[in-house]
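Biologist: I am new to this one. Please take me through it in short steps.

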Amino acid sequence: MSVDYSEKIPNNVDLSSDKTLQRALEQWQPGYVNWWKEMGPDGSLDFDVYLRTAISVDPQGWAQFGYVKMPEYRWGIFLAAKEEGRKIHFGDHIGEEAWQDVPGEHRANLRRIIVTQGDTEPASVEQQRHLGATAPSMYDLRNLYQVNVEEGRHLWAMVYLLHRFFGRDGREEGTALLERRSGDQNNPRILGAFNEKTPDWLSFYMFTYFTDRDGKFQLCALAESGFDPLARTTKFMLTEEAHHMFVGESGVSRVLQRTCEVMNQLKTDDPLKVRAAGAIDLPTMQRYLNFHYSVTIDLFGADQSSNAATFYSAGLKGRFEEGKRADDHILKGQTYKVLELQGDRLVEKEVPMLNALNEVLRDDFIKDSIGGVERWNKVMEKAGIAFRLKVPHKAFHRQIGALAAANISPEGKVFSPAEWQARKYEWMPSPDDRAFVTSLMGRVVEPGKFASWIAPPAVGVNRQPPNFEYVRFN
Ligand code: BYC
């Protein structure tokens with residue numbers, strides 16, 4: 001499964017044996033590079049960046065590190081190895097051979113899933129494009145660029161599927177993916193969180209912790225797909241996603257570590273004193289967490305969705321770790337609990353599980369997210385500080401699904417719309433919080449130096465020493 005780098009488009013799918021497809025993708029390629037130059041990391045075209053590139057899709061052998069100018073990064077098409085005799089293992093087609101081509105009756109739904117997934121990838125690059133100007137260190141700058149080039153490759157992964165399996169409309173969707181823009185009034189990205197700004201590095205770490213984790217769960221669900229090429233491409237994408245979540249988890253952890261150092265040095269828990277010392281106070285960390293968590297759990301869609309039921313029963317999108325679950329994998333007649341607002345109370349109600357599969361995946365995500373928040377709390381515990389972070393109630397600040405109409409506090413209490421509005425900046429970053437965080441964002445890019453508000457990482461990328469030159473600015 002090694003990658004052929006002699007081709008214009010590196011790939012492990014024997015692209016040269018399908019000239020029509022190769023030509024179509026080679027025609028899309030310059031548009032992609034133009035998009036990168038216009039919407040990719042600002043002012044970085046000439047930098048040499050210490051990046052990893054896939055050399056094979058085997059778990060051990062895939063990363064190779066070296067200096068690359070990002071517009072010349074070898075984006076390409078990598079599918080995980082084919083599993084011979086693979087069968088569809090959930091839904092109405094359970095037990096049938098996995099599809100190597102798109103079944104006609106599921107074409108529209110599959111295209112929609114692939115386009116939605118593909119749309120998030122360039123969106124995140126657009127959201128992050130100005131962060132290079134305020135990097136807290138050269139190490140962090142390099143990690144940002146690594147995340148960005150890999151999101152670019154994830155777009156390639158989806159565009160390959162569109163071109164290879166969806167003919168003309170697939171090619172049109174491929175073009176449209178380069179035309180929508182994050183936050184654009186007239187032509188926005190498809191999902192809400194991908195039209196929010198990522199204006200500062202705290203937002204970036206929260207985004208890569210929470211929102212890239214939505215990526216993990218959605219990709220895991222798609223890696224179960226009965227449409228084998230989708231399963232194989234998302235399997236490989238997951239190996240890249242892991243690094244993005246690491247950037248988020250370790251980033252937040254380093255911010256907390258620095259804050260705790262300052263609190264202990266000054267023997268204070270007064271947010272204003274912590275801020276005056278150039279660190280980010282813990283209540284502000286909680287408010288950022290509340291915001292990113294709530295916009296991310298919206299990405300799982302409505303709590304009851306006939307689309308979700310169709311995707312599952314048709315064998316297009318499974319559950320997280322579908323293969324490890326001990327039930328009938330058809331789910332007809334089963335139920336699941338979702339929340340509903342009744343008067344001034346949130347109550348649980350049993351609904352058909354097939355319709356609640358967005359909620360099932362959201363709940364799996366929530367469990368996984370909490371794990372990392374507990375690891376963050378260990379930083380405070382070790383420093384002897386009593387403050388603990390926690391994820392807000394799942395009904396807090398929702399815009400999608402039945403709970404969008406409710407006004408819920410992070411503790412899960414129901415408020416009137418006016419009360420909720422009056423208190424929202426206790427719970428989410430206020431303009432003042434954002435201005436403070438922005439004020440800390442000066443650029444620190446000398447090798448081995450770090451901004452005042454973040455601790456250095458425990459180890460360097462690819463075990464490089466602390467003062468390693470990750471980016472050459474030329
Ligand atoms: N914002 O029936 P519903 C990643 C729409 S992240 C705006 O619940 P469904 C990454 C919905 O489209 C992973 N609109 O929808 C992370 C529908 O619209 P229409 C991305 C929303 O289909 C970081 C309507 O509301 N991958 O990879 O069950 C960096 C009714 O909703 C939103 C995927 O999402 C929203 N948040 O569920 C880079 C996987 N939510 O048709 C990358 C593919 C829903 O009525 N996508 N709507 O106009 C899917 O599986 C599904 O499309 C969703 C939505 C789970 C997202």
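**A first walk through the chain**

Modeller: Asp 14 sits in the segment before α1. The model is a predicted one.

Biologist: What is the phi of Asp 14 near?
Modeller: Asp 14 is a residue other than glycine. Its phi is nevertheless positive, near 55 degrees.

Biologist: Which other residue has a positive phi of about 55 degrees although it is not a glycine?
Modeller: Look in the loop between α12 (431–440) and β5 (471–472). The residue there with a positive phi of about 55 degrees is Asn 462.

Biologist: Is Asn 462 buried, partly exposed or exposed?
Modeller: Buried needs under 20% relative accessible area, and exposed needs over 50%. Asn 462 has 42%, so the class is partly exposed.

Biologist: Let us step back. How many helices and strands are in the chain?
Modeller: Both kinds of element occur in the chain. The count is 12 helices and 5 strands.

Biologist: Why does the radius of gyration of the chain agree with a compact globule?
Modeller: The chain has 474 residues. A compact globule with that many residues would have a radius near 23 Å. The two agree because the chain has 23 Å.

Biologist: What box do the C-alpha atoms of the chain fill?
Modeller: The box is taken along the principal axes. Its dimensions are roughly 65 × 60 × 40 Å.

Biologist: What percentage of the 474 residues is buried?
Modeller: A residue counts as buried under 20% relative accessible area. In the chain, the buried share is 59%.

Biologist: And the surface: what part of the exposed area do carbon and sulfur atoms supply?
Modeller: The chain exposes about 19400 Å². Of this area, carbon and sulfur atoms supply 50%.

Biologist: How far apart are the centres of the positive and negative side chains?
Modeller: There are 58 positive side chains and 65 negative ones. Each set has its centre, and the two centres lie apart by 2 Å.

Biologist: Among contacts between residues at least 6 apart in sequence, what percentage joins residues at least 24 apart?
Modeller: Start from the contacts in the chain between residues at least 6 apart. The share that joins residues at least 24 apart is 72%.

Biologist: Now α1. What does helix α1 reach from its first C-alpha to its last?
Modeller: Helix α1 covers residues 19–39, which is 21 residues. At 1.5 Å a residue, 30 Å is expected. The helix is close to that, with a reach of 30 Å.

Biologist: Which elements do the buried residues of α1 pack against?
Modeller: The buried residues of α1 include Leu 25, Trp 28, Tyr 32, Trp 35 and Trp 36. In an α-helix, residues three or four places apart point the same way, because there are 3.6 residues a turn. The packing partners of the buried α1 residues are α2 (107–127), α3 (138–165) and α4 (167–177).

Biologist: Is Gly 118 buried or exposed?
Modeller: Gly 118 lies in helix α2. Leaving out residues up to four places away in sequence, it touches Leu 155, Met 158 and Leu 177. Its relative accessible area is 0%, so Gly 118 is buried.

Biologist: Which residues are in contact with Gly 167, leaving aside neighbours within four places in sequence?
Modeller: Gly 167 is in helix α4. Its relative accessible area of 30% makes it partly exposed. The contacts of Gly 167 are Arg 107 and Leu 162.

Biologist: What distance separates the C-alpha atoms of Gly 167 and Ser 137?
Modeller: Along the chain, Gly 167 and Ser 137 are 30 residues apart. In space, their C-alpha atoms are separated by 45 Å.

Biologist: How far apart in space are Arg 375 and Met 70?
Modeller: Arg 375 is found in helix α10 (residues 357–383). In sequence, Arg 375 and Met 70 are 305 residues apart. From C-alpha to C-alpha, the distance is 33 Å.

Biologist: Last one. Is Ser 6 buried or exposed?
Modeller: Ser 6 is in the segment before α1. The cut-off for exposed is over 50%. Ser 6 has 65% relative accessibility, so it counts as exposed.

Technical notes
Residues numbered from 1 in each chain as written. Predicted model: local features only at pLDDT ≥ 70, side-chain atom pairs only at ≥ 80, totals over all residues. Heavy atoms only, no water. Helix = DSSP H or I, 4+ residues; strand = E, 2+ residues; numbered from the N terminus. Rg over C-alpha atoms; globule rule 2.2 N^0.38 Å. Buried < 20%, exposed > 50% of the residue type's maximum accessible area, 1.4 Å probe, protein only. Contact = heavy atoms within 4.5 Å. Areas by Shrake-Rupley, 256 points an atom, 1.4 Å probe, with all protein chains shown as cover. Lys, Arg positive; Asp, Glu negative; His and termini not counted. Charge placed at Lys NZ, Arg CZ, Asp CG, Glu CD. Expected span 1.5 Å × (residues − 1).
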